Amino acid sequence: MVSWGTQRPPKIYRNGEKRCIVRSLPLHRSPYEIKKRSDTHMWPKGTFVQFQNNAVHIIQRKQQSHDPTLWKGMCHVLDVTPYISTVSKEYKIDFCTREFIQENDLGSGMYGIQVAICEYIGPDRLYNLLLRKDLEEAPKQLEEKNYYNIPPLDIWSFQDSLNVALQYLNKATVVIDDSDEEDNTTTTTTPKAPASNSLTFSLLCNYSMKAIETPVRGRNCRHFQCYDLRNFLHSNSTVSGGRWRCCVCEDYVSIRDLICCGLFTRMLEEHRSSVTGSRNKVQFSADGTWELMGVSKLRYQNKRPGDGDGGGTKGEDDAPQDNTKRGRMGDKNDHEIILL
């Protein structure tokens, strides 16, 4: 049921709540916009909206500049539920824009207006839907109802994930050999020696910098590194032009294209309790084994006051240090030097 006539601020929706939403989608986008901006709601520049001849407030996602040439049109979707008291009559929405809208073969400057009854699903609810757990309905009933038209998360077994990792590890590399003759460059493709190959993964999620709980990545991503599913969903709960991006390669990833990696799951089962901010790397070898690497040393960890780039311990034959370089605090106080 839709709660007609009720006001809701943005980001205060409840799970299962239905609202009447109006949004605008550009029908043509430049190559830069396709690469840098997700396919999200965007009003034409300088849009003025009237509902039943009454002005409607548009909530901006980013403060507009006073210079009209710098306007972006980034606003939240328009929730018209508060303005509808009953559904037994017709309603009229008028749009007036500063941007010149024209029709042409490319569709440039044209926008599509969508009016839809939408049901809000929060990140945690979506997480449970993808994993089919902690729901009121049984998993079998969800499949029969095709609930929200959201398929379950594609979970790869350990063996399937291991095979993909080995293929990724043992792939061929390109070596370019230059001969002595000018303009006579030969390119040969040679496979790496499997015994000497290894991959390094991080068991920390790039979003939270904590140990991954549910390791996922995009099906079409060209890397093996994973991130946490719940953190990925929470990071995309706020509308922005760059959401639904992979945090590793920055390609767009739909929730239908996510896969759960069995190899990462096994690694985390063994090492999750030992993962810290300074010790989170796993080295994966060509024989299918892996080990948790040691603590990552900071660049300045072994530095001493007055030491040069070589660091380490000062030898007996080294020249004495000039105490005047230690700062204004005097000769008695040593200060830590941090290289940025």
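Buried, in this talk, means under 20% relative accessible area, exposed means over 50%, and partly exposed lies in between, with a 1.4 Å probe and protein chains only. What you have on screen is a predicted model, in which local features need pLDDT of at least 70 and side-chain atom pairs count only at pLDDT 80 or more, while totals for chains, interfaces and linings use all residues. Residues are numbered from 1 along each chain as its sequence is written, and side-chain values use heavy atoms, with hydrogens and water left out.

I will start with the salt bridges. The term stands for a side-chain nitrogen of Lys or Arg within 4 Å of a carboxyl oxygen of Asp or Glu. The whole structure has 8 of them.

Take D124 and R230, whose side chains form a salt bridge at 2.8 Å, N to O. D124 belongs to helix 2 and R230 to helix 5, so this pair ties together parts that are 106 residues apart in sequence. Helices and strands here are DSSP runs numbered from the N terminus: H or I of at least four residues for a helix, E of at least two for a strand. Are these two partners buried or exposed? Neither: D124 is partly exposed at 34% relative accessible area, and R230 is partly exposed at 30%.

Next, E213 and R272 meet in a salt bridge of 3.9 Å, N to O. E213 sits in the loop between strand 10 and strand 11, R272 in the loop between helix 6 and strand 14, and the two are 59 residues apart. E213 counts as exposed because its relative accessibility is 51%; R272, at 28%, counts as partly exposed.

The pair E17 and R19 has its closest N and O atoms 3.4 Å apart. E17 is buried, with 8% relative accessibility, and R19 is buried as well, with 2%. Through shared partners, salt bridges join E17, R19 and D79 into one network.

R19 brings us to strand 1, residues 18–26. Strand 1 runs antiparallel to strand 6, and 9 bridges join them; two strands pair if DSSP finds at least two bridges between them. L25 has G112 in strand 6 as its bridge partner. Strand 1 also pairs with strand 4, residues 78–79, in the antiparallel sense over 2 bridges, and there V22 is partnered by L78.

Strand 6 covers residues 111–119 and contains I113. I113 counts as partly exposed because its relative accessibility is 44%. What does I113 form together with F95 and V115? The three make a nonpolar patch on the surface, with about 260 Å² of accessible area together. Patch residues have over 30% relative accessible area and no salt bridge, with like charges joined within 9 Å and nonpolar side chains (Val, Leu, Ile, Met, Phe, Trp, Tyr) within 5 Å. The areas come from the Shrake-Rupley method with a 1.4 Å probe, and for residues only the protein chains shown count as cover.

Now two open sheets. One has 3 strands in the order 3-2-5, paired antiparallel. Strand 3 (54–55) and strand 5 (93–96) are at the edges with a single partner strand each, so one side of each has no neighbour in the sheet. Strand 2, residues 48–51, pairs with strand 3 over 2 bridges, and Q50 stands opposite A55.

Another open sheet has 4 strands in the order 7-13-11-12, with mixed pairing. Here strand 7 (154–155) and strand 12 (227–228) are the edges. Strand 11 and strand 13 run antiparallel, joined by 3 bridges, with R217 opposite I259.

Last, the inside. A nonpolar core is a set of buried Ala, Val, Leu, Ile, Met, Phe, Trp, Tyr and Cys residues joined through side-chain atoms within 4.5 Å. The largest has 39 residues, and L258, L263 and F284 touch the most other members. Among the elements giving two or more residues to this core are helix 4 (158–169), helix 6 (262–271) and strand 14 (281–285). Apart from this core lies another of 11 residues, including C20, W43, L78 and I84.

Which residues of helix 6 are buried? They are G262, L263, F264, M267, L268 and H271. These pack against helix 4, strand 10, strand 11 (215–218), strand 13, strand 14 and strand 15. Leaving out residues up to four places away in sequence, L263 touches F158, S161, L162, A165, F224, F284 and W290, where contact means heavy atoms within 4.5 Å.
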